[in-house]
Amino acid sequence: MSKHAAKGSSGQQGAELPEKSGVAAKAQELKVFFEESQVELKKITWPSRKETYATCAAVMVLVLVMSLFLGVVDLGLSKIIEAVLS
């Protein structure tokens with residue numbers, strides 16, 4: 001089995017690239033990566049400004065609720081440990 005056959009696929013799909021070595025091969029891989037990335041970026045549907053604000057508000061509320069809950073639990077456990085150790 002040759003060195004190239006043992007490697008298998010390099011994770012790229014689609015057309016096979018001609019065998020190159022060194023910097024030329026890496027440059028070709030980078031070019032293919034950016035071309036595929038550009039195709040994938042065109043498939044994205046970005047949220048509207050309204051959706052972004054709504055999601056941000058939901059995250060902020062969740063963070064506030066969770067921080068209050070964890071603060072109360074921490075305070076309660078601290079008091080219990082303090083009572084047990086004193």
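This is a guided tour of a predicted model, with a suggestion at each stop of what to select and a description of what is there.

Begin with the whole protein chain, coloured by secondary structure: the chain holds 3 helices and 0 strands, and reading along the sequence gives the pattern α-α-α. If you then switch to a surface representation, the area that the protein chain exposes comes to about 8100 Å², of which carbon and sulfur atoms supply 67%. Colouring by relative accessibility shows how little is covered by the chain itself, since buried residues make up 2% of the 86 residues.

Next, colour by pLDDT before looking at any side chain. The protein chain averages a pLDDT of 85, and 77% of the residues score at least 70. Among the elements of the chain, helix α1, which covers residues 3-7, has the lowest mean pLDDT, at 48, whereas α3 has the highest, at 97. Select residues 1-9 to see the stretch over which pLDDT stays under 50; for these residues the model has 2 contacts beyond four places in sequence.

Now move to helix α2, residues 23-42, and show the side chains of Lys 26 and Glu 29, which both lie in this helix, 3 residues apart, or about one turn of the helix. What joins Lys 26 and Glu 29? The two form a salt bridge in which the closest N and O atoms are 3.8 Å apart, a separation that falls within the 4 Å cut-off applied here. Lys 26 counts as exposed because its relative accessibility is 55%, while Glu 29, at 32%, counts as partly exposed.

The count of salt bridges in the model comes to 2, and to see the other pair you can select Glu 40 and Lys 43. Here the closest N and O atoms of the salt bridge are 3.2 Å apart. Lys 43 is exposed, with a relative accessible area of 57%, and Glu 40 is partly exposed, with a relative accessible area of 45%.

For the aromatic side chains, the count comes to 1 aromatic pair. Select Phe 33 and Phe 34, which form this pair in an edge-to-face arrangement, with 5.4 Å from centre to centre and 65° between the planes. The label follows from the angle, because planes over 60 degrees apart count as edge-to-face. Phe 33 has a relative accessibility of 48% and therefore counts as partly exposed.

Finish on the nonpolar surface patch, which is best viewed with side chains and surface shown together. Select Leu 62, Met 66, Phe 69, Leu 70, Val 73, Leu 77, Ile 80, Ile 81, Val 84 and Leu 85, which make a patch of about 1000 Å². Where in the chain does Phe 69 lie? Phe 69 belongs to helix α3, residues 49-85, the element with the highest mean pLDDT. Phe 69 counts as partly exposed because its relative accessibility is 47%, a value that also satisfies the requirement of over 30% for residues that make up patches.

How values were computed: Residues are numbered from 1 along each chain as its sequence is written. This is a predicted model: local features need pLDDT of at least 70, side-chain atom pairs count only at pLDDT 80 or more; totals for chains, interfaces and linings use all residues. Side-chain values use heavy atoms; hydrogens and water are left out. Patches are made of residues with over 30% relative accessible area and no salt bridge: like charges are joined within 9 Å, nonpolar side chains (Val, Leu, Ile, Met, Phe, Trp, Tyr) within 5 Å. Accessible areas come from the Shrake-Rupley method with a 1.4 Å probe; for residues, only the protein chains shown count as cover. Helices (H or I, at least four residues) and strands (E, at least two) are DSSP runs, numbered from the N terminus. Buried means under 20% relative accessible area, exposed over 50%, partly exposed in between (1.4 Å probe, protein chains only). Rings of Phe, Tyr and Trp (its six-membered ring) pair if their centres lie within 6.5 Å; planes under 30 degrees apart count as stacked, over 60 as edge-to-face and the rest as tilted. pLDDT is the predictor's confidence in each residue, from 0 to 100. Contact means heavy atoms within 4.5 Å.
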